[in-house]
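Reader: I have a structure to look at and do not know how to read it. Where should I begin?

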Amino acid sequence: MRDTVTTSAPESVLDAISELLVEKFEVPSEEVRGTALMSDLLIDSLMIVEMAIAVHETLGIKVEEKELRGATLAGFAASVEARLTDR
Amino acid sequence: MTGLGLVTPAGCDRDTTWSAVRAGRATAAPDPLLHGLPVSLSCRVPELDHPVLRRRGSAHLDPVDRFGLAAVAQALDQAGLDPREWDGGRVAVVTGGGVGGVLTQDKALARLGELGPEFVSPYFLPGYLINMTCANIALRFGVTGPALATSTACASGTTALGVARDLLATGRCDIALVCGADAAVTRLMVTGFSQLGALSDTGSRPFDTARDGFVIAEGAGALVLERPQHAAARSARPLARLIGHAATTDAHHLVAPDPEGRGAERAVRAALADAAVAAEDVGHVNAHGTSTRQNDAVEAAVLRRVFPHRPPVTSAKGALGHTLGASGAVEAALTVLALAEGIVPPTAGLAETDPGAGIDVVSGTARTQSAQVAVSNSFGFGGHNAVAVLALP
């Protein structure tokens, strides 16, 4: 049996960000896919800033806006996840 | 005037609001969010859902913007105007509001204090600034002509009507969207009004012997104004005409009305002159009628002097509470509905008219009254007085 912490953690970061996208940023849930670009999901520059704040607040990880602009949802979640496990 | 929209404590549309006002149904209720304050009575807008608020980007809107957008959407719908088809450069929007997005401000201030500056939302200022209801309306409906926000406290909605009328009259636009909106039922705002002694914790009773203050409310009223030629060219049916408007200032005290009501009286008389109607032509007065001791006494004296023929007077604030900067627009819309139906709605909460008032305030049930012309008064903190004269088409 695999360690539940290491297997569930990446999913939970992706889930947490996906949930923010749907609940806080009104992204239709069918558009929330790992391959989608964050800059396509967050259609306004203020949303990018707001997402950075939301990630900082809910996951305790400070992210740069430019990092959000360039990443896919899955890539961004993985990068946040890597910093979470580093701590 | 070709379209009306209402979002009020009585309901999120024109018809439910009108039926409550027509029936004299008071909407004040104890407000759990005001628990522990000296005054905890308010009139809240019920849960609001409108197609215009289901678009992306709506989640961060302050309630004041939600109310305003829904009211304007209703008014455009009634006017039969499709923003996808109009020349936006010939459309103006004029809003009236007393305070802007104060709930958004409260939330941002709390986060600044509890979490620090890096946790303050970038949506704080777009939600808080007093011009943003106006900007949101322009953005959603493609208004690219003049857009401006007026702020004369509780007279704002009626001030906005006058500014819009002037933009139309001077040819600056063909259509003017007018929206009065306020969403100021917050702990701080209620405390502020309470410290000024303006609020009642028992109920809104305009012109009543036992009145002891206003009940704070929230909401929006929207009106579509068009140049008559523009409305005629598209065969739009006018609901009413805005035939006169005037604004004056007391310059007496920052928040207390001139005890003689001189500024208010000048505004009513100037609005009648602007409309080129005689005082006796007025068949219905929608009073500012806040239910404070001072406002109602001063206003009654003004009405006594200007209208010796004692036309029926009503105050919607008995039913809806005081929607602050929205009230002028809400009440102009209600006045149009009353003229159209040939009635004057009762003043909710009024049991015994102050014997000193000397005016004919309608109470109990609506009164049949086939008036052609009505006056709607709004007076605000700051000594602002604005009066609109409305007539059937």
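**The nonpolar core**

Author: The largest nonpolar core has 123 residues, and Leu177(B), Val178(B) and Leu223(B) are those with the most contacts inside it. This is a predicted model, where local features need pLDDT of at least 70 and side-chain atom pairs count only at pLDDT 80 or more, while totals for chains, interfaces and linings use all residues. Residues are numbered from 1 along each chain as its sequence is written, and chains are lettered from A and ligands numbered from 1 in the order in which they are written.

Reader: What is a nonpolar core?

Author: A nonpolar core is a set of buried Ala, Val, Leu, Ile, Met, Phe, Trp, Tyr and Cys residues joined through C-beta atoms within 7 Å. A residue is buried if 20 or more other C-beta atoms lie within 10 Å of its own, exposed if 12 or fewer, and partly exposed in between, with C-beta atoms placed from the backbone.

Reader: Which helix gives the largest share of this core?

Author: Helices are DSSP runs of H or I, at least four residues, numbered from the N terminus. Helix H2 (residues 63-79) of chain B gives the largest share of the largest core, 10 residues. That core lies between domain 1 (3-233) and domain 2 (241-391) of chain B, because both give residues to it; the domain bounds come from an automatic or database assignment.

Reader: Is Leu188(B) buried or partly exposed?

Author: Leu188(B) counts as partly exposed because it has 14 C-beta neighbours inside 10 Å. Leu188(B) is in helix H7 (residues 187-195) of chain B. Leu188(B) and Leu103(B) are 85 residues apart in sequence, and their C-alpha atoms are 9.4 Å apart in space.

Conventions
Helices (H or I, at least four residues) and strands (E, at least two) are DSSP runs, numbered from the N terminus.
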